[in-house]
Amino acid sequence: MAPGPIIVGAGPSGLAVAASLRRLSVPSVILERSDGIAELWRHRTYDRLSLHLPKAFCQLPHLPFPSHLPTYPSKADFLCYLHSYAHHFSLHPFFGCTVVAAHFDPTESLWRVTTVSDLSLQSNPPSQWTWSDSLSESSHSTSEMGGLEVVEYVSPWLVVASGENAEPVVPELNGREEFKGSMLHSSKYRSGKEYKGKRVLVVGCGNSGMEMCLDLCECGAVPFMSVRSGVHVLPREMFGTSTFGLAMKLLKWLPVRLVDRFLLMVARMVIGNTEKYGLKRPEVGPVELKNATGKTPVLDVGALSQIKKGRIQIVPEVESLTSNGAKFVDERELEFDSVVFATGYKSNVPTWLKDTDFFSEDGKPKTPFPHGWKGDDGLYSVGFTGRGLLGASADAIKTALDIAESWKNYPESKHFILQTHPQGQANNVE
Ligand SMILES: Cc1cc2nc3c(=O)[nH]c(=O)nc-3n(C[C@H](O)[C@H](O)[C@H](O)COP(=O)(O)OP(=O)(O)OC[C@H]3O[C@@H](n4cnc5c(N)ncnc54)[C@H](O)[C@@H]3O)c2cc1C
Ligand SMILES: NC(=O)C1=CN([C@@H]2O[C@H](COP(=O)(O)OP(=O)(O)OC[C@H]3O[C@@H](n4cnc5c(N)ncnc54)[C@H](OP(=O)(O)O)[C@@H]3O)[C@@H](O)[C@H]2O)C=CC1
Ligand SMILES: O=C(O)C(=O)Cc1c[nH]c2ccccc12
């Protein structure tokens, strides 16, 4: 029996909800598949990554970024902040614990969460802990599975914080097996240094595709960017302030469509007509599209000027890969040394969360923002709003307040307090 809510994922969302709970004196258990916090940011992002939104829009609840950090902190700055956040709130996730199944047990009104634990990733395997309650002993069942251990955790509350970007999406292009060069997803791309002098096809023109093309360019490679349905490119800043911040301010007073018209008008003045370079704009405006589909506008950090100079070449949708390159839907055929798929990510919730219709097939809550954070029977989702870290923080605060209320009313006899945890792992409240 977990000593409080079970949180799946130790990314920014999981840490934010655990910290918010801790401030309300509610202990929690964070289950994380990786060997440390924020696996996406540590292991699945390119070297030159920095926040595209000003730090004020990316900080987690109850602890601002240090003032000495630049407006757009680097990946290293952000990771440093997340580590100090976990330290500040004494959060100790259980690492190496992949949640493989979770379901609500209506007879006991409890969530049963099955994990496969990779002991090599854990400094402190959960099975070493002792629990104060007799019930907890009976329900904390473990069994060995080769080098792995299967552990079931049980709690009245389950917080899904496994992320919208949990798994890479790679399209099943015709001819994939024939292509002889290297192929990888953007989550495996680190730097353009490895591609000096190479012709690289980047499939996808979101923030990842754009920035990797820029990186390739700066490292002496020859990038081509394949654009399928189009993209809104906006300058990162307008009138000396961040475009995102300005849009947020305008949205307080004006309808979305008017804000979009304003952003597109200023964007045209600042960066020109992007359609001229093969970057078709979607019919729907950038904010409306983000709200409706989660598709993020690109905030330009330099790629556009390389596109204008012809150093990043725009190509249409890929029709198929060939042994030494790709064919495009306009029948052109070009040679490439490597293909990088900047084709986005998906949630993995449908693979492990069973018997609930709270999440849809794409692994995100069915109920639209801002109401998608709370399901039935003590189920919560944090970080699935399509609104980045700002949305995750808002979810975390609401979730923690709601759980704290129900925790208060939960019979004292059922508060299972983890008495000893030799290496001090759980987010226990003294
Ligand atoms: C390249 C990139 C740059 C971004 N930049 C920004 C930005 O500048 N600003 C912004 O607001 N947003 C940005 N985002 C959006 C991003 O989603 C958020 O920054 C943030 O990482 C979301 O936090 P999260 O905790 O919800 O998800 P994640 O960071 O993905 O964390 C989820 C955690 O859950 C773990 N997990 C997943 N499945 C399981 C499982 N079954 N069992 C156990 N653990 C599991 C993962 O290992 C991971 O540690 C960016 C995204 C990407 C890909
Ligand atoms: N510093 C920052 O703030 C950064 C933030 N991010 C964020 O990370 C998240 C993921 O971004 P990203 O990795 O760019 O992914 P996105 O989902 O934003 O973009 C995916 C791109 O791949 C294209 N695509 C998908 N499938 C195919 C296919 N089968 N054939 C051709 N093209 C395809 C999409 O085109 P189509 O529109 O046609 O589907 C789109 O251009 C976003 O929220 C983004 O904002 C990423 C990088 C930096
Ligand atoms: O990365 C995301 O999906 C975010 O929500 C943060 C973000 C990065 N670039 C943006 C541009 C417009 C709106 C949000 C973002």
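The following dialogue explains how to read several features of this structure.

Colleague: How should the model and its numbering be read?

Modeller: This is a predicted model, in which local features need pLDDT of at least 70 and side-chain atom pairs count only at pLDDT 80 or more, while totals for chains, interfaces and linings use all residues. Residues are numbered from 1 along each chain as its sequence is written, chains are lettered from A and ligands numbered from 1 in the order in which they are written, and side-chain values use heavy atoms, with hydrogens and water left out.

Colleague: What counts as a salt bridge, and how many are there?

Modeller: A salt bridge is a side-chain nitrogen of Lys or Arg within 4 Å of a carboxyl oxygen of Asp or Glu. By this rule the count comes to 14. One of them pairs R48 with E218, at 2.8 Å from N to O. This pair links distant parts of the chain, 170 residues apart: R48 is in the loop between α2 (39-43) and α3 (75-88), and E218 is in helix α5 (residues 207-218). Helices (H or I, at least four residues) and strands (E, at least two) are DSSP runs, numbered from the N terminus.

Colleague: Are R48 and E218 buried or exposed?

Modeller: Buried means under 20% relative accessible area, exposed over 50%, and partly exposed in between (1.4 Å probe, protein chains only). R48 counts as partly exposed because its relative accessibility is 29%, whereas E218, at 52%, counts as exposed.

Colleague: Which salt bridge lies in helix α11?

Modeller: E405 and K408 form a salt bridge, with their closest N and O atoms 3.3 Å apart. Both residues lie in helix α11 (residues 388-409), three residues apart, about one turn of the helix. E405 is partly exposed at 41% relative accessibility, and K408 is exposed, with a relative accessible area of 59%. Elsewhere, salt bridges that share partners join R33, E39, R44 and E167 into one network. Within it, E39 and R44 have their closest N and O atoms 2.9 Å apart. E39 is buried at 15% relative accessibility, and R44 is buried at 11%.

Colleague: Which contacts does K290 make, and what is its nearest side chain of opposite charge?

Modeller: Lys and Arg count as positive and Asp and Glu as negative; His and the chain ends are not counted. K290, in helix α8 (residues 286-293), is buried yet has no salt bridge, the nearest side chain of opposite charge being E164, 6.3 Å away. A polar contact is a pair of N or O atoms within 3.5 Å; within protein, one must be able to donate a hydrogen and the other to accept it, and residues adjacent in sequence count only if both atoms are side-chain atoms. The side chains of K290 and T296 are joined by such a contact of 3.1 Å, and the K290 side chain also reaches the backbone oxygen of G386 at 2.8 Å.

Colleague: Where does F336 lie, and which residues does it contact?

Modeller: Contact means heavy atoms within 4.5 Å. F336 lies in the loop between β19 (333-335) and β20 (338-341), and it counts as buried because its relative accessibility is 5%. Leaving aside neighbours within four places in sequence, F336 is in contact with residues including F179, R199, F224 and F328.

Colleague: Where does S117 lie, and is it buried or exposed?

Modeller: S117 lies in strand β4 (residues 110-118) and, at 0% relative accessibility, is buried.
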